[in-house]
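Visitor: I would like a close look at one part of this model. Please take me to the place where the two chains pack, and then outward from there.

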Amino acid sequence: MDSCNCIEPQWPPDDLLMKYQYISDFFIALAYFSIPLELIYFVKKSAVFPYRWVLVQFGAFIVLCGATHLINLWTFTMHSRTVAMVMATAKVFTAAVSCITALMLVHIIPDLLSVKTRELFLKNKAAELDREMGLIRTQEETGRHVRMLTHEIRSTLDRHTILKTTLVELGRTLALEECALWMPTRTGLELQLSYTLRQQNPVGYTVPIHLPVINQVFSSSHAVKISPNCPVASIHPSGKYTPGEVVAVRVPLLHLSNFQINDWPELSTKRYALMVLMLPLDSARHWHVHELELVEVVADQVAVALSHAAILEESMRARDLLMEQNVALDLARREAETAVRARNDFLAVMNHEMRTPMHAIIALSSLLQETELTPEQRLMVETILKSSNLLSTLINDVLDLSRLEDGSLQLDLGTFNLCAVFKEVLNLIKPIASVKKLHVSLNLAPDLPEYAVGDEKRLMQTILNVVGNAVKFSKDGSISITAFVAKAELLRDSQTTEFFPVPGDNHFYLRVQVKDSGIGVSPQDIPKLFTKFAQTQSTAIRNSGGGGLGLAICKRFVNLMEGHIWIESEGLGKGCTAIFMVKLGIPERLNESELAFMPKVPPNHGPTAFPGLKVLVMDENGVSRKVTKGLLVHLGCDVTMVSSSEECLRVVSNEHKVVFMDACAPGMDGYEIAVCIHEKFTKRHERPIIVALTGNTDKVTKENCMRVGMDGVILKPVSLDKMRSVLSDLLEHRVLFEAI
Amino acid sequence: MDVVNQLQRQFLDYSASLHREGFLDDQFTQLQKLQDENSPDFVVEVASLFFEDCEKLINNMARALEQQGVDFKQVDASVHQLKGSSSSIGAMRVKNVCIAFRSFCEAQNREGCLRCLQQVTHEYSLLKNKLQTLFRLEQQILAAGGSVPAIE
């Protein structure tokens, strides 16, 4: 061997072990060179890798290790020192880098490990969030379902639709197996299966209402889980499957009365329905809280919707009823109007038809009375006249009464002399009373107003009727008429419980009492007295005329005058007192000029009753003229006499208060004079009162006189008393129309 | 005084008989009532007027009825006047005849009218006599110093 400076390997290269080492070194070097290549390749591929320099370091380390092993291959055979040197350098570098890398890894590996834990943590969190998202979505879904359900429920006001929709929607939302509604029966003791989801026509199962489980559900406002075996839940035969969980909730059935304005609807109602919900069979589903809440909300909404529907139903029913009633009332009203119209037409026709013959009878009978008759004939004619007058009055009464009844009669209000009315009644009744030897006395209170505003004619009619009755039903004794102003304390009379007069400033209540000592009335008959056509036993015996309408009419007149009329009697044979109160107005201010024209006539007529009254007498006949003048002079008048129409017109002036003219002489134009006087004196208070003295007071004459504007007609011959009363009447009323 | 009483009694009896026989009626009584201090001779005056009127009217009627062509209207007018006067004074019988007279006039019955005229004249003269007797009695009473009794 030469001195090649070679290093000999320790072992011979042909040794088997050496061979194995040689091969292994080769493969190691290969692997060590390829690993960094792979690393670089994959790192290049990935976008993010924070530890690049670590990689470089590691790569260097591996490359150097590979180089070492590669160089080692040459050391198996004889190799020069250079190779050994290279080997040594390589190993040194490798050692250095390896140590550095090892040192580095101490820092890096914990970091890498923590990355792993963070990753795990994040994964868990992600899973949790996913779960929560799922839950929220589900809740949102159910919320949407509830809204939709509520909308569906509230969009209809039909009870059945509401309930059906509820069940259907609930079933869909919650994916229920079965959903059922139990309603309380009419008796309130049982619950009846009314609606179900699956079964179309539930047969009428009923359960008693007082089961403990039901009470439990009713006493809580929440949905309550119940056992699937209780009777309300066993509606759907589950067979061999395990039934799902069942929940029941109460549905309050509210009434209108539950909705107070001030309080919220308290569930003080005892009526509940029961809603039972069953989860699908054989599922492991449980009732979640949100589902239960949904059920409760739905139940409340259903309650409200149901009550709305009920209220609506009721109001629709009421409205239909009202419409029906309206129609019926309208029809009835129209029928009534037709009837009233027909009645009025009938009355008008009958009135006219009845009055025409009556007129003929009365007129001709009075004419007949004027002619020469034997006493028997005269009696007959008088009876005919009296009866026909009575009949005429009856016809008038009937017409008046019917007009009174339907309210079409109105009072003719006017100012009139109250005392005069009473005196007139007295005058009218005196003859009859004296025939019956009855004494009539009139007491007018001093505070009674002289003038009053009211319907004079009807007031007189009333007084006359009452007094007439008193006279009619008294055989002997006396009749006293008292009239006074009703004072406030007297207004509260025990008799007049429905009558509450109110005293005021411009009206007063006139109270008239007519007491008689006649046959009286028994207390039980008193109410009947004022009904039409009713006659009590005692009156039926007597021949009382008037058909029993008189008092009824009086009552109506009195009522029209806002008053009250009643009769007091202690019994049969003890007489009776008729009392009535009417409301009369107080005239504000009497017309001054009218007052000046009405000189006050003192009740006791003396011979000079009309001092200085200027009167004009026109009569062609000397004798009549003288007689009339004598009459008037005797009464104190200042008489001017004329004997022709021209003279009359010449002489007449507004100083003459009354003109008496003879109007029946043929060829005389008494009527024309009247017309001329009217033309001459246009103002009413300047014109003298024109009175015709005539020998016949037939209708034609009277009509003629009325037509030309005369104020009165007197039948000749005129007695002193008659002239006196005529003058006083004329001067008070300015019109007399007839004095026989 | 005895004389006065006697005269008064006579007066009353006579008045009563006149009334009874229908010569006078209530109207005459009324006239007598009108006689007072202011017009003491009222009744006499009226009666005189009446008599004058009557005579005039009767003459008119007689003349009218004598005509060939009787103007019934005129006669009727006269009768009407007479009727008025007689009723004013209270001459009942005269008035009644007038009524009948009028109907004859309307019927234009000349014979009837003439008959009535006769009757009227007759009644009128009767009445005139009676009234004059009555007035004489009154005068006698007044002359004797009494007062004329009022007739009820």
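Guide: What follows starts at a pair of packed helices and moves on to the core, a buried aspartate and the rest of the two chains. Keep in mind that this is a predicted model.

Start with helix H14 of chain A, residues 622–634, and helix H4 of chain B, residues 72–89. Their axes come within 7 Å and cross at roughly 30 degrees. Angles under 35 degrees count as roughly parallel, so H14(A) is roughly parallel to H4(B). The crossing is left-handed. Which residues make the contact? From H14(A) come A:Val623, A:Ser624 and A:Val627. H4(B) supplies B:Gly84, B:Ser85, B:Ser88 and B:Ile89.

Now the core. The largest nonpolar core has 67 residues. A:Phe660, A:Leu727 and B:Phe101 touch the most other members. Helix H3 of chain B, residues 42–66, gives the largest share of this core, with 12 residues. Apart from this core lies another, of 44 residues. Among its members are A:Leu426, A:Ile567, A:Phe580 and A:Val582.

Go back to A:Phe660. Leave aside neighbours within four places in sequence. A:Phe660 then contacts a run of residues from A:Val615 through A:Leu616 and A:Val617 to A:Met618. A:Leu632 is also in contact with A:Phe660. So are A:Val691, A:Leu693, A:Ile714, A:Met723 and A:Leu727.

Next, A:Asp662. This residue sits in strand E18 of chain A, residues 658–662. An unreviewed UniProt entry places "modified residue: 4-aspartylphosphate" at A:Asp662. Is A:Asp662 buried or exposed? Its relative accessible area is 4%. Buried means under 20%, so A:Asp662 is buried.

Consider chain B as a whole. Its secondary structure comes to six helices and zero strands. From the N terminus, the elements run α-α-α-α-α-α. Of the 152 residues in chain B, 48% are buried. Among contacts in chain B with a separation of 6 or more, 68% join residues 24 or more positions apart.

Finish at the other annotated part of chain A. UniProt, in an unreviewed entry, lists residues 20–41, 53–72 and 92–113 of chain A as "transmembrane region". Residues 20–41 are 100% helix and 0% strand. Their end C-alpha atoms are 31 Å apart. Residues 92–113 of chain A are also 100% helix and 0% strand. The end C-alpha atoms of that span lie 31 Å apart.

Technical notes:
Residues numbered from 1 in each chain as written. Chains lettered and ligands numbered in written order. Predicted model: local features only at pLDDT ≥ 70, side-chain atom pairs only at ≥ 80, totals over all residues. Heavy atoms only, no water. UniProt positions renumbered as here; feature names shortened; annotations may be inferred. Helix = DSSP H or I, 4+ residues; strand = E, 2+ residues; numbered from the N terminus. Core = buried A, V, L, I, M, F, W, Y, C linked by side-chain atoms within 4.5 Å. Buried < 20%, exposed > 50% of the residue type's maximum accessible area, 1.4 Å probe, protein only. Contact = heavy atoms within 4.5 Å. Axes fitted to C-alpha atoms, helices over the stretch in contact; angles between N-to-C directions. Parallel < 35°, antiparallel > 145°, perpendicular 65-115°, else oblique. Left-handed = near helix turned anticlockwise from the far one by under 90°.
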